[in-house]
Amino acid sequence: MKTIYILLTIILSCSLHAQQTLDTLYANNQNTVAVFFPEAIKQAITGAPHFVFTYNRETKQYFGLLQARPGEESNLLVVTDDGLVYSYILKYADELPKFNYFISKTKSIGNEEPLSLIQKPKPKTLDSVYRSVEYYKTFCKNLLNQKPEKIATKQSNGVKIYLQKLVYYNSETYLVMEVSNSSGIAFELDFLKVYRVSGNKKRKASHQRLEIKPIYTYSVPAKISNGQSLRFVYVLPKFVLGNKEKLELELQELNGGRKCILLK
């Protein structure tokens, strides 16, 4: 299957050489590779779903984290706050030549817009925010209309949580979940948190638990009555679990002691 590469639709201010050779970044699913840029990252995308580049979309930072699953080579496109564009070949490797890449401005392949047209960035309009929310809402609704699966389940005190789907699409990960209650008492939801977990819990020095906060949630119930089962969706920033990592879902009751933790 041919590797899918990103179509560069942005206008570059400087002329690009047709034979320009791109540098290669190597990654795998056992280690996290950090890529540091000279300016904060504004936007980044990979050309294939088995390569994942994560960066802070809320608080701008100068670095992103790269992970990969085995597969054909692809590419990474990054635009920084100053409008400079960087492009790299991505390859999977069991043994990594390095874990940190420090990128200089001389590695830029061009500019996001012609310099004469660069304007002060406009704040995100309410209309664009509304369109993003509507997109998530429609996609989540379609997932709930599909036949449920059972990836993992966990029951505690008559409350059961199901992980039914884990879908990668664009730069997000969608978790389809269901909570059922057969405890005889209504279950009021305090929170349902998602974590990446690695290491041995008995050895505190090696145990790591990193929360993944949702970008958007759809149809999350406030209460599950006795005998009721309800399905809902979490939209998270895209992530890839390493070989020694697990996904943890923690369901906690409001004003009560009942808790259910699912590890997958």
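**Exercise 1. Which residue stands opposite Val-35, and in which strand does that residue sit?**

Keep in mind that we're working with a predicted model here.

- Step 1: Look across from Val-35 and you land on Tyr-101, which belongs to E8.
- Step 2: Now check how the strands run. E2 and E8 pair in the parallel sense, over three bridges.
- Step 3: Zoom out to the sheet. Its four strands are ordered E4-E5-E2-E8, the sheet is open, and the pairing is mixed.

**Exercise 2. Why is one side of E4 and of E8 left without a neighbour in the sheet?**

- Step 1: Start from the strand order, E4-E5-E2-E8.
- Step 2: E4 and strand E8 (100-102) stand at the edges and have a single partner strand each, so each has one side with no neighbour in the sheet.
- Step 3: For the twist, ignore direction: on average, neighbouring strands of this sheet are turned by 20° against each other.

**Exercise 3. Find the largest nonpolar core and say which element gives the largest share of it.**

- Step 1: Count the residues. This core has 23, and Leu-25, Phe-37, Phe-53 and Val-78 have the most contacts inside it.
- Step 2: List the contributors. Elements giving two or more residues include strand E1 (24-27), strand E2 (33-36), strand E4 (51-54) and strand E7 (84-92).
- Step 3: Pick the top one. E7 supplies four residues, the largest share.
- Step 4: Take a closer look at Phe-37. Leaving out residues up to four places away in sequence, Phe-37 touches Phe-53, Tyr-62, Val-78, Thr-80, Tyr-86, Tyr-88 and Ile-103.
- Step 5: Don't stop there, as a separate second core has 22 residues, among them Leu-175, Val-179, Val-194 and Ile-212.

**Exercise 4. Describe the second largest pocket: how much space lies in it, and what lines it?**

- Step 1: Get the volume, which comes to about 1,100 Å³.
- Step 2: Go through the lining. There are 33 lining residues, and Thr-54, Leu-65, Arg-196, Leu-210 and Glu-211 are the closest to the pocket's centre.
- Step 3: Assign elements. E4, E5, strand E13 (187-198) and strand E14 (208-211) each give two or more residues to this lining.
- Step 4: Rank them. E5 comes out with the largest share of the lining, at four residues.

**Exercise 5. How many helices and strands does the protein have, and what percentage of its residues is buried?**

- Step 1: Tally the elements: one helix and 19 strands.
- Step 2: Using under 20% relative accessible area as the cut-off for buried, buried residues make up 39% of the 264 in the protein.
- Step 3: Check the sequence range of the contacts. Of those with a separation of 6 or more, 64% are between residues 24 or more positions apart.

Definitions and conventions. Residues numbered from 1 in each chain as written. Predicted model: local features only at pLDDT ≥ 70, side-chain atom pairs only at ≥ 80, totals over all residues. Heavy atoms only, no water. Core = buried A, V, L, I, M, F, W, Y, C linked by side-chain atoms within 4.5 Å. Buried < 20%, exposed > 50% of the residue type's maximum accessible area, 1.4 Å probe, protein only. Contact = heavy atoms within 4.5 Å. Pairing = 2+ DSSP bridges. Axes fitted to C-alpha atoms, helices over the stretch in contact; angles between N-to-C directions. 1 Å grid on protein atoms, 1.4 Å probe; cavity = no way out; pocket = protein on both sides within 12 Å on 5 of 7 lines; lining within 4 Å. Points joined across faces, edges and corners; volume = space filled by probe spheres on them.
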